[in-house]
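Please load the model in your viewer and keep the selection tool at hand. We will go from stop to stop, and at each one you will hear what to select and what is there.

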Amino acid sequence: MLVRIVIGLAVTAACLGLAGRRFWWLSRLVRSGQPAPERLHRRVEPTVQAEVTEVAGQRKLLEWTVPGLAHFFTMWGFTILLFTIIEAYGDLFQPTFHIPGIGTSPVLGFIEDFFAVAVLVALVVFTVIRIKNAPARRERASRFYGSHTTAAWITLLLIFGVIATLLLYRGAQVDTTPRQFPYDNWAFASHAIGAGLSGLGAGVNGALATTFVILNVCIISGFLVFVSYSKHLHIFLAPFNVGFSRRPRALGALDKTPDMDMENVSEDTVFGAGLIEHFTWKQMLDFATCTECGRCQSVCPAWTTGKPLSPKLVILDLRDNMFASASRLLAQRAAAAGGEGQGAGTDGGATGAAASFEPVPLVPNVIEPDVLWSCTTCGSCVEQCPVDIEHVDTILDMRRYQVLMESSFPSEAGLMLRNVENQGDPWGLGQSKRTEWTQALDFEVPVVTGTIPDDVEYLYWVGCAGALDERARKQVQATARLLHRAGVSFAILGPKESCTGDPARRIGNEYLYQEQAKANIATLDGAGVKKIVATCPHCFNTLKNEYPALGGNYEVVHHAELLDHLVRAGRLTPGTGYQGTVTYHDPCYLGRHNRVFDEPRTVIDAIPGASSVEMRRCRERGFCCGAGGARMWMEESIGTRVNADRTAEAIGTGADVVSTACPYCMIMLDDAVRASGKEDDVRVLDLSQLVEESMGERVPAGADPDGQPMP
Ligand code: SF4
Ligand code: SF4
């Protein structure tokens with residue numbers, strides 16, 4: 001008796017000490033990050049909802065049905081099996097121990113055995129998945145490529161050890177005195193094992209029960225230590241990371257760190273993140289929480305088309321650098337707290353990373369420039385991440401540092417920035433051309449000169465592409481005609497409209513973005529604008545989600561939403577002018593970033609002659625066109641082109657129309673259709689063009705019949 005108590009408690013105390021030391025070290029390391037006060041003062045309701053749906057309900061994981069179910073049962077299995085851990089420790093002291101009140105309930109015995117078996121089944125599923133997706137076999141196509149696979153196998157082995165010893169000690173208890181096994185065959189798995197062991201006799205079974213209960217306690221304790229030093233930290237960190245992530249979603253608006261207040265700049269101000277210590281504690285918590293599952297990597301348009309960017313590897317590389325920099329970060333934290341050089345501490349030397357006191361510039365030492373500039377900010381990674389890591393904000397912080405502190409960015413993007421700054425649009429065509437698109441209309445579009453007239457409902461935000469690009473103009477013209485036909489009153493700003501600043505912000509030039517935004521807000525407020533309809537999802541997102549932080553508050557709708565409303569209200573009635581099959585491409589900034597998934601599909605469904613077919617990657621999993629994140633203005637010389645990948649998928653559906661609701665998507669997809677030589681078979685049409693065609697306005701093959709290049 002005494003021996004097993006000593007062994008059990010000594011191993012437990014040693015492991016608790018090691019794990020506790022590691023967790024304390026981690027908590028100090030994470031807290032050495034920059035402040036993020038908005039993460040602490042939050043509304044309770046969305047946080048509770050996130051904990052219930054994301055952590056307890058495993059919502060995101062269950063979207064990946066088989067591995068999701070396996071993870072669901074493992075997570076809940078270990079939660080339920082906490083009862084068995086209490087029983088195991090009780091058994092060390094008193095073999096007849098049961099949890100008071102519920103410990104002898106057959107129902108508890110059944111539930112415990114059910115989850116123990118469920119975890120074993122889950123382990124088989126995980127094993128098969130890991131073998132089938134082994135990086136050695138599938139290389140970049142494996143979502144585990146770049147993950148620490150050895151640690152994953154050790155974890156599976158330890159989980160197996162916990163469950164196996166649990167079932168064995170319970171099975172041995174069946175035929176042992178003075179122990180009592182109160183569950184009978186309700187604990188079906190333990191009982192079956194007990195039946196198999198019964199021939200050994202009560203004495204041997206008693207020794208086996210003692211042996212396996214000690215082993216169970218030791219493996220659980222060892223597992224705790226292993227978890228604290230491995231990717232399985234997420235078991236403990238995920239609820240915190242989910243709880244502190246931006247709500248309702250970490251998409252839509254970019255995060256605005258306190259240092260990005262351009263009104264209050266000092267010589268110590270650092271824009272973005274150039275060293276690991278420039279990240280906030282929440283971003284450091286992100287780095288520590290990553291499970292290395294690779295879901296983000298497997299949906300990233302950059303990674304899947306052969307670029308060096310993997311959102312998972314970005315997080316893992318930053319995590320490695322954070323751990324390697326821990327001594328410096330902790331010393332800085334101690335110094336800031338008034339105890340110069342005190343309390344830096346270590347993690348026990350078990351990270352495998354050398355302590356570093358020299359700051360290492362993140363780009364290019366930790367993150368290569370090609371990695372940083374490959375991101376389209378599509379948000380697929382954030383959408384998929386089961387622990388709510390916010391990759392886009394982290395990538396943008398590093399871009400901001402490069403642009404604002406180092407003046408380092410792809411040269412071709414420099415022209416775009418200069419054009420926005422000097423001419424108010426990325427192509428540098430100037431404000432005077434912004435009303436040219438209206439000349440093709442057979443009605444007048446009022447241009448707001450003073451304040452918007454009372455009888456005008458919407459300010460139509462045309463956007464730079466819509467006003468200046470030949471192909472995008474056709475989309476804008478079709479939308480204007482439909483609004484006019486439906487009796488919706490609208491006006492435009494014409495030459496007073498200027499770039500929203502979205503491409504500048506997404507490339508990292510927060511200064512230029514804020515200059516553009518403030519100027520536009522002054523124009524909009526000066527004109528007394530209340531309601532805006534936008535055709536470009538990037539403008540829509542910026543006006544709706546990002547201008548409020550700078551004082552611009554408007555009711556903003558996208559034209560897909562407005563068309564949906566008009567069709568439902570009977571103010572627009574699609575006709576039979578279009579007969580064919582449509583596949584709809586979700587623009588990232590309309591779909592994932594703003595959850596407008598149903599409205600465009602409802603409009604397509606309302607067209608009598610249209611049958612729709614979905615691409616495999618649609619809605620939340622929609623695949624980027626390649627233009628976002630200011631990628632529209634950067635060369636794409638590595639791997640295959642993102643727009644070619646997406647267009648091949650669209651063409652593969654057999655649809656004769658690829659419909660979308662974004663000028664950038666339209667340009668990118670149309671380019672790719674032409675490059676594939678399929679322009680006579682497949683047309684790329686905006687939703688408004690499709691509706692118009694159904695009402696009798698045939699749009700020729702190829703969105704731009706003249707094949708006009710971008711001016
Ligand atoms: S935002 Fe899109 S392109 Fe950027 S890392 Fe995430 S998935 Fe990849
Ligand atoms: S960042 Fe999220 S999705 Fe990507 S590997 Fe880590 S846990 Fe998985």
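Select residues 702–711 to begin: pLDDT stays under 50 over this stretch, for which the model has 28 contacts beyond four places in sequence. This is a predicted model, and where pLDDT is low, the predicted coordinates should not be read in detail. Next, pick residues 348–355, where pLDDT also stays under 50; here the model has 8 contacts beyond four places in sequence. Now colour the whole chain by pLDDT: the average is 92, and 95% of the residues score at least 70.

Now to the sheet. Show strands S5, S6, S7 and S8: they form an open sheet in the order S6-S5-S7-S8, with parallel pairing. Strand S6 (610–612) and strand S8 (683–686) stand at the edges with a single partner strand each, so one side of each has no neighbour in the sheet. From one strand to the next, the twist averages 35°.

Zoom in on S7 (residues 657–660), which pairs with S8 in the parallel sense over 4 bridges. Label Val-657, and you will find Arg-683 of S8 opposite. Then add helix H31 (residues 687–694), which packs on the sheet and touches S5, S7 and S8; its direction makes about 95° with that of S8. Helix H28 (residues 598–605) is next: this helix lies across S5 (580–584), S6 and S7, running at about 175° to S5.

The remaining stops are salt bridges, of which the model has 42. Select Glu-277 and Arg-328, whose closest N and O atoms are 2.6 Å apart. Which parts of the chain does this pair link? Glu-277 sits in the loop between helix H11 (234–244) and helix H12 (281–289), while Arg-328 belongs to helix H16 (residues 326–336), 51 residues apart. Switch on a surface: Glu-277 is buried, at 9% relative accessible area, and Arg-328 is buried too, at 5%.

Move on to Arg-505 and Glu-510, a salt bridge with its closest N and O atoms 2.9 Å apart. Arg-505 is buried at 3% relative accessible area, and Glu-510 is buried at 1%.

In helix H30 (residues 663–675), select Asp-670 and Arg-674, which lie 4 residues apart, about one turn of the helix. Their salt bridge has its closest N and O atoms 3.0 Å apart. Are the two residues buried or partly exposed? Asp-670 is buried, with a relative accessible area of 1%, whereas Arg-674 is partly exposed at 27%.

For the last stop, select Glu-38, Arg-39, Arg-246, Asp-255, Lys-282, Asp-286, Glu-390 and Asp-393, which salt bridges with shared partners join into one network.

Key
Residues are numbered from 1 along each chain as its sequence is written. Chains are lettered from A and ligands numbered from 1 in the order in which they are written. This is a predicted model: local features need pLDDT of at least 70, side-chain atom pairs count only at pLDDT 80 or more; totals for chains, interfaces and linings use all residues. Side-chain values use heavy atoms; hydrogens and water are left out. Two strands pair if DSSP finds at least two bridges between them. Helices (H or I, at least four residues) and strands (E, at least two) are DSSP runs, numbered from the N terminus. Axes are lines fitted to C-alpha atoms, for helices over the stretch in contact, and angles run from 0 to 180 degrees between N-to-C directions. Contact means heavy atoms within 4.5 Å. pLDDT is the predictor's confidence in each residue, from 0 to 100. A salt bridge is a side-chain nitrogen of Lys or Arg within 4 Å of a carboxyl oxygen of Asp or Glu. Buried means under 20% relative accessible area, exposed over 50%, partly exposed in between (1.4 Å probe, protein chains only).
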